[in-house]
Amino acid sequence: MSPLRSRTITAGVERTPNRAMLRAVGFGDQDFTKPIVGIANAHSTITPCNAKLNDLALRAEAAVRAAGGMPQTFGTITVSDGISMGTEGMKYSLVSREVIADSIETVCNAQCVDGVLAVGGCDKNMPGALIAIARMNIPAVFVYGGTIKPGHYKGQDLTVVSAFEAVGQYSAHKLSEADLLEVERRACPGAGACGGMFTANTMSSAIEAMGMSLPYSSTMAAEDGEKGDSAARSAEVLVEAVRHDRRPRAILTRAAFENAIAVVMALGGSTNAVLHLLAIARSADVRLTLDDFETVRERVPVLCDLKPSGRFVTTDLHAAGGVPQVMKVLLAHGALHGDAPTVSGHTVAQVLRDVADEPRANQEVIRSWSRPLYPQGHLAILRGNLASEGAVAKITGIKHLKMTGPARVFDCEEDSLAAILAGRIKPGDILVIRYEGPKGGPGMREMLSPTSAIIGAGLGDKVGLITDGRFSGGTYGLVVGHVAPEAAVGGTIALVRDGDPVTIDAERRRLELELPREPKYTTGVLAKYAKLVSSASLGAVTDS
């Protein structure tokens, strides 16, 4: 077990102290030789994403006990990105990922548990749990709370992003106040995480692809009975993993992360997957860089037509075959590591053995390899003088992959949103929202409010946006986030002034501030010299 673990079972004799305290919570003489399984429960009624998690924790608890383990349930936190979006509260969202990871690690290591089942729903529950699981390296499984079902209004499927976009439509006089109210009333009809391929469903899918949750579990609806059944089965698998000493770092290998990236690309998933997979890999001691995302992007097409830029929601993906169907298409075309292990003890190829190589013909959610939605992945890594350490662009659902325009500079999200809603942003503009990075925010807020307002105002393919903050999984358009170095540490983005020409070029994967002035001399000796001369750091020579 973990180096911190003091509890051991030798020849059937349990050697941990404080047996008396364990008796007080239900242990009998026969229970001290059983594995103790922690159940990290992120239940909360503060967000629909987590509102049903206690039901899953109780199912898992009963299943652990029936499988011969001793379940011990404890709580961890959650905050709702959707509720805090556009406010100061959103600065706590990414912070909560670290709090979740620390709290799970603290309890599991302090109480010397033998394995942990983490139950989570909202965006940061999943990467937070996986960071802790990778750190501790005790047998573990993740149980996703499930997706919300779509709302409906005037023949359209609604998600939480529909409400944000409706605000932009209303401000642009494209939606009545009555329709705005009805969209808001119907967008979130019950329990579950945001219904498109936004951050929660992207991360649940990535965790399934990495082998740390059970097949099909990442796309189940929170309110459907199969979700509880999956939680119980997950608990059974975990008890077996404890008995066979299947540890997370043997599963969270380089191959597992490449599988996760491939699935995220094929699904058209959230930009936040880049941030979270890098963090989980660091905890698992796996080398992963931004360039790895670009490498996978070049060989994996977008196969799924999912919101925010597509037509369908995650329950539609589940009905079409879920993540296993997407993975099998990738595996059949050499874009997945079939020999990667999973928490069940089976390899990815074994798990997918009975799944068809191609998606069913009677559905439109998952495309075949030969007929992709886009020929390459949608998350591009951009570099240039505005992002020497890299930035992440989401390039699905847009007509133009390159744009040069005057910068409209804002030092916080609120000011940019006010300008959009007031109609001060015009076609061809490129919004620059800075001092919203990890340090500058602090907390790296998501810019869903301004991006949704842009879409709602009908400017989605007419303006660009760059930021050192993040984007919601519900964002689409010509938008570039995670710009690094960020403004708060002196990144070039801090130097941009209103009107400066900025180029977003997703085709060449460049992000540039057009700094050079027009040459003073265009002909003659001085023009020739200016064209040929090297930097002063090289001696200002003309024959290099």
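**Exercise 1. A residue after a helix**

Task: Find where N137 lies, and state what marks its phi angle.

Solution. N137 lies in the loop between α5 and β6. The strand β6 covers residues 140-144. This is a predicted model. Now take the backbone angle. Phi of N137 is near 60 degrees. That is a positive value, in a residue other than glycine.

**Exercise 2. Packing of α5 and α12**

Task: Describe how helix α5 packs with helix α12, from the axes down to the residues in contact.

Solution.

Step 1: the general idea. Two packed helices are described by the angle between their axes and the distance between the axes.

Step 2: the numbers. Helix α5 spans residues 125-136, and helix α12 spans residues 272-283. Their axes come within 8 Å. They cross at roughly 15 degrees.

Step 3: the label. Angles under 35 degrees count as roughly parallel. Therefore α5 is roughly parallel to α12.

Step 4: the hand. The crossing of α5 with α12 is right-handed.

Step 5: the contact. From α5 come P127, L130, I131, A134 and R135. From α12 come H276, A279, I280 and S283.

Step 6: the classes. The contact of α5 with α12 has 6 nonpolar, 2 polar and 1 charged residues.

**Exercise 3. Packing of α6 and α18**

Task: What are the angle, the hand and the contact residues for α6 and α18?

Solution.

Step 1: the numbers. Helix α6 is made of residues 160-171. The axes of α6 and α18 are 7 Å apart. The two helices pack at an angle of about 60 degrees.

Step 2: the label. Roughly perpendicular covers 65 to 115 degrees, and roughly parallel covers angles under 35 degrees. The angle here is about 60 degrees. So α6 and α18 are oblique to each other.

Step 3: the hand. α6 and α18 make a right-handed crossing.

Step 4: the contact. α6 gives V161, F164, E165, G168 and Q169. α18 gives L448, S449, S452, A453, I455 and G456.

Step 5: the classes. In the contact of α6 with α18, 5 residues are nonpolar, 5 are polar and 1 is charged.

**Exercise 4. The largest pocket**

Task: Give the volume of the largest pocket, then say what lines it.

Solution.

Step 1: the volume. The largest pocket holds about 510 Å³ of space.

Step 2: the residues. It is lined by 23 residues. Closest to its centre are L275, P438, M444, H482 and A484.

Step 3: the elements. Two or more lining residues come from each of α4 (93-110), α12, β10 (387-394) and β14 (479-484). The largest share, 5 residues, comes from α12.

Step 4: the classes. The pocket lining has 14 nonpolar, 2 polar and 7 charged residues.

**Exercise 5. Closed spaces**

Task: How many cavities of 30 Å³ or more does the structure hold, and what lines the largest and the second largest?

Solution.

Step 1: the idea. Rolling a probe the size of a water molecule over the atoms shows where empty space is left.

Step 2: the count. There are 4 cavities of 30 Å³ or more.

Step 3: the largest cavity. Its volume is about 120 Å³. Its lining has 13 residues. E208, S213, P215, T342 and V351 lie nearest the centre. At least two lining residues come from each of α15 (322-332) and α16 (348-351). By class, the lining of the largest cavity has 8 nonpolar, 4 polar and 1 charged residues.

Step 4: the second largest cavity. About 60 Å³ of space lies in it. Among its lining residues are T451, I454, I455, Y476 and L478. α18 (448-456) and β13 (464-467) each give at least two residues to this lining. The largest share, 3 residues, is from α18. The lining of the second largest cavity has 7 nonpolar and 4 polar residues, with no charged ones.

**Exercise 6. Cis peptide bonds**

Task: Where do the residues P442 and P485 lie, and what kind of peptide bond joins each to its partner, G441 or A484?

Solution.

Step 1: P442. A cis peptide bond joins G441 and P442, with omega about -15 degrees. P442 sits in the loop between β12 (430-433) and α18.

Step 2: P485. A484 and P485 are also joined by a cis peptide bond, with omega about 5 degrees. P485 is found in the loop between β14 and β15 (501-505).

Key:
Residues numbered from 1 in each chain as written. Predicted model: local features only at pLDDT ≥ 70, side-chain atom pairs only at ≥ 80, totals over all residues. Heavy atoms only, no water. 1 Å grid on protein atoms, 1.4 Å probe; cavity = no way out; pocket = protein on both sides within 12 Å on 5 of 7 lines; lining within 4 Å. Points joined across faces, edges and corners; volume = space filled by probe spheres on them. Helix = DSSP H or I, 4+ residues; strand = E, 2+ residues; numbered from the N terminus. Nonpolar A, V, L, I, M, F, W, Y, C, P; charged D, E, K, R; others polar. Axes fitted to C-alpha atoms, helices over the stretch in contact; angles between N-to-C directions. Parallel < 35°, antiparallel > 145°, perpendicular 65-115°, else oblique. Left-handed = near helix turned anticlockwise from the far one by under 90°. Contact = heavy atoms within 4.5 Å.
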